[in-house]
Amino acid sequence: MLRRSTNALARATAHATYGARRTVVTAKLPDLEYDFGALEPVINAEIMELHHQKHHNTYVTNFNAAQEKYAEAEAKGDYSTMIAMQPAIKFNGGGHVNHSMFWKCLTAPKDFAMPEGELLKMIERDFGSLDAMQDKFTTATVAVQGSGWGWLGYNKATGKLAVTTTANQDPCVTTGLTPLLGVDVWEHAYYLQYKNLRPDYVKNIWKIINWKYVGDNLKNAM
Ligand code: MN3
């Protein structure tokens, strides 16, 4: 009798803890650090407004809904539902994480500055030159089949930079790399302006990369 009530208390305590933890991690749509039109002529205001206010916001809403369902299932010990929720958490959570980073990777053309310091040194060491890295990134990213992302990442095991891509909303960390720079090549990111010409979009995006942010990501990753 005593043992049973102790177990019940332990379960109740665990549920309360899970509930509190889930509340804390509710995702929010971050504000952009620039106006919707700030990236013109590379990315127009209409794309930016739809992309941030509609697309990213939907990932946030669906991520929170999926997390809530997951927490309810977890509290009940409903493992089947917990497992069934994981694709929705990966897709919408990935969408939130990736877009939150993407906005920061971009800057107005008037504020553009070339990469420098440790970041530039490592790009030159690992790719030969900045141009060579950009060519490799552009080629790999343009070639993503369907929807996905291009990445410059840092490999903690080797201490080297690498270019990779992911499908859908899979975050860069699923490749084993820490993301430094991410470029969205879903059609919603460029179609209203570039139509089918994804190569032109990716080539132009180099004019608005926030290399200071990319360099800070490298410092944090090392
Ligand atoms: Mn997108």
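This report walks through the fold of one protein, from its overall layout to its sheet and a pair of packed helices.

**The overall layout**

What you see above is a predicted model. The protein contains nine helices and three strands. If you follow the chain from the N terminus, the elements come in the order α-α-α-α-α-α-β-β-β-α-α-α. The protein has 222 residues, and 29% of them count as buried. It also helps to ask which parts of the chain meet: among contacts between residues at least 6 apart in sequence, 66% join residues at least 24 apart.

**The sheet**

Now let us turn to the strands. In what order do the three strands lie in the sheet? They form an open sheet in the order 2-1-3, with antiparallel pairing. Strand 2 (160-167) and strand 3 are the edge strands, and each of them pairs on one side only. From one strand to the next, the twist averages 20°.

Helix 6 packs on this sheet, where it touches strand 1, strand 2 and strand 3. The direction of helix 6 makes about 15° with that of strand 2.

Let us look at one pairing in detail. Strand 1 (residues 148-155) pairs with strand 3 in the antiparallel sense, over six bridges. Among the bridge partners are the two pairs in this table.

| Residue | Bridge partner in strand 3 |
|---|---|
| G150 | V183 |
| W151 | G182 |

Is strand 3 largely enclosed or largely open? Six of the seven residues of strand 3 (residues 178-184) are buried, so this strand is largely enclosed by the rest of the structure.

**Two helices side by side**

Helix 6 has another partner to explore. Helix 6 (residues 130-142) packs with helix 8 (residues 198-205) at an angle of about 150°, and their axes are 10 Å apart. Why are the two helices described as roughly antiparallel? Angles over 145 degrees count as roughly antiparallel, and helix 6 and helix 8 are therefore roughly antiparallel to each other. Their crossing is right-handed.

You can find the residues of this contact in the model. From helix 6 come T138, T141 and V142, which meet R198, P199, V202 and K203 in helix 8. The residues of this contact divide into three nonpolar, two polar and two charged.

**Putting it together**

Helix 6 appears twice in this picture: helix 6 packs on the sheet, and helix 6 also packs with helix 8.

Terms used: Residues numbered from 1 in each chain as written. Predicted model: local features only at pLDDT ≥ 70, side-chain atom pairs only at ≥ 80, totals over all residues. Axes fitted to C-alpha atoms, helices over the stretch in contact; angles between N-to-C directions. Helix = DSSP H or I, 4+ residues; strand = E, 2+ residues; numbered from the N terminus. Parallel < 35°, antiparallel > 145°, perpendicular 65-115°, else oblique. Left-handed = near helix turned anticlockwise from the far one by under 90°. Contact = placed C-beta atoms within 7 Å. Nonpolar A, V, L, I, M, F, W, Y, C, P; charged D, E, K, R; others polar. Buried ≥ 20, exposed ≤ 12 C-beta atoms within 10 Å, placed from the backbone. Pairing = 2+ DSSP bridges.
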